[in-house]
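Please walk through the fold shown here, beginning with how packing is judged and then moving from the sheet to the helices around it.

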Amino acid sequence: MESATRPLDALLDLLLPTRCAGCGAARSQLCSGCRTALARATGHPVRPDPPPPGLPPVFAAAEYAGPVRALLLAHKERGALRLAAPLGAALATAVRAAAGLPAPAGGPLLLVPVPSTRRAVRARGHDPVQRLARAALRQLRREGLHGRTAPLLRPVRAVADQSGLTAPERWRNLTGALAVRPSAAPLLHRRPVVLVDDLVTTGASLAEAARALAAAGAEVVAAATVAATARRDRGRRAGGPGARTGPTP
Ligand SMILES: [Zn+2]
């Protein structure tokens with residue numbers, strides 16, 4: 001896909017002068033420096049402190065800072081959809097680490113995105129995590145992995161805005177907020193699941209997603225994200241510098 005879109009990207013960048021969404025450099029939505037920084041990202045284990053109950057092992061490709069933070073926000077909040085491919089490739093490194101690839105156990109890998117609320121999807125005009133999951137899968141397929149993305153989770157009740165809540169308050173706010181679509185149960189049979197999200201902060205939404213999938217009989221082996229916040233919440237109020245932007249945790 002990328003080889004087909006790059007010449008078009010180059011042409012559009014020429015016709016529509018733009019700036020790098022990562023660092024502000026002129027002439028390209030993703031400058032070569034930021035592209036290289038993303039390409040160097042590799043999946044590594046991260047652990048929120050304290051971890052919410054039931055959080056699976058989490059792997060992130062990069063720290064949520066600098067160009068990576070700016071690129072994720074541009075993709076998520078400002079509809080910079082062409083960033084999905086390079087961000088998805090970074091996510092793929094976290095998925096590989098999460099699944100213990102290149103030899104995942106069981107059947108084809110299922111990548112299950114953490115869902116956005118309907119309101120957020122409407123406001124943004126797209127579902128950024130689902131888009132990143134599909135981009136990551138395209139990268140993994142180029143590397144020979146058998147798998148598919150499966151948006152099996154859905155919000156089943158409203159949750160309060162997470163900003164301003166301590167980590168334990170976030171866990172309580174989210175518990176029971178997600179469920180597996182009833183038609184999805186056969187898909188989960190004997191297939192290892194890797195949860196995917198753009199960002200891990202307290203781990204509350206990943207833990208809730210893992211709980212909902214386990215309740216439906218899934219084997220959640222791990223979670224993978226593009227980025228992880230460096231801040232570790234020890235009961236302090238969330239919402240300071242480095243806290244997740246937007247209504248989701
Ligand atoms: Zn840049």
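Two residues count as in contact if their C-beta atoms, placed from the backbone, lie within 7 Å. The model is a predicted one.

Strands of a sheet pair through backbone hydrogen bonds, either parallel or antiparallel. Here six strands form an open sheet in the order S1-S2-S8-S7-S3-S4, and the pairing is mixed. Strand S1 (44–46) and strand S4 (147–149) stand at the edges with a single partner strand each, so one side of each has no neighbour in the sheet. On average, neighbouring strands are turned by 30 degrees against each other, direction ignored.

At the S1 edge, S1 pairs with strand S2 (residues 58–63) in the antiparallel sense over three bridges. Within this pair, His44 stands opposite Ala60 in S2.

Two helices pack on the sheet. Helix H4 (residues 84–98) touches S1, S2, strand S3 (109–113), strand S7 (192–200) and strand S8 (219–228), and its direction makes about 140 degrees with that of S8. Helix H8 (residues 204–215) touches S2, S3, S7 and S8, and its direction makes about 160 degrees with that of S7.

Next comes helix H7 (residues 167–174), whose buried residues are Ala167, Arg170, Trp171 and Leu174. These residues lie on the same side of H7 because they cover an arc of only 100 degrees around the axis. An α-helix has 3.6 residues a turn, so residues three or four places apart point the same way. What do the buried residues of H7 pack against? They pack against H8, a helix that itself packs on the sheet. Just after H7, Gly176 takes a positive phi of about 85 degrees.

Conventions. Residues are numbered from 1 along each chain as its sequence is written. This is a predicted model: local features need pLDDT of at least 70, side-chain atom pairs count only at pLDDT 80 or more; totals for chains, interfaces and linings use all residues. Two strands pair if DSSP finds at least two bridges between them. Helices (H or I, at least four residues) and strands (E, at least two) are DSSP runs, numbered from the N terminus. Axes are lines fitted to C-alpha atoms, for helices over the stretch in contact, and angles run from 0 to 180 degrees between N-to-C directions. A residue is buried if 20 or more other C-beta atoms lie within 10 Å of its own, exposed if 12 or fewer, and partly exposed in between; C-beta atoms are placed from the backbone. The arc is that of the directions from the helix axis to the C-beta atoms.
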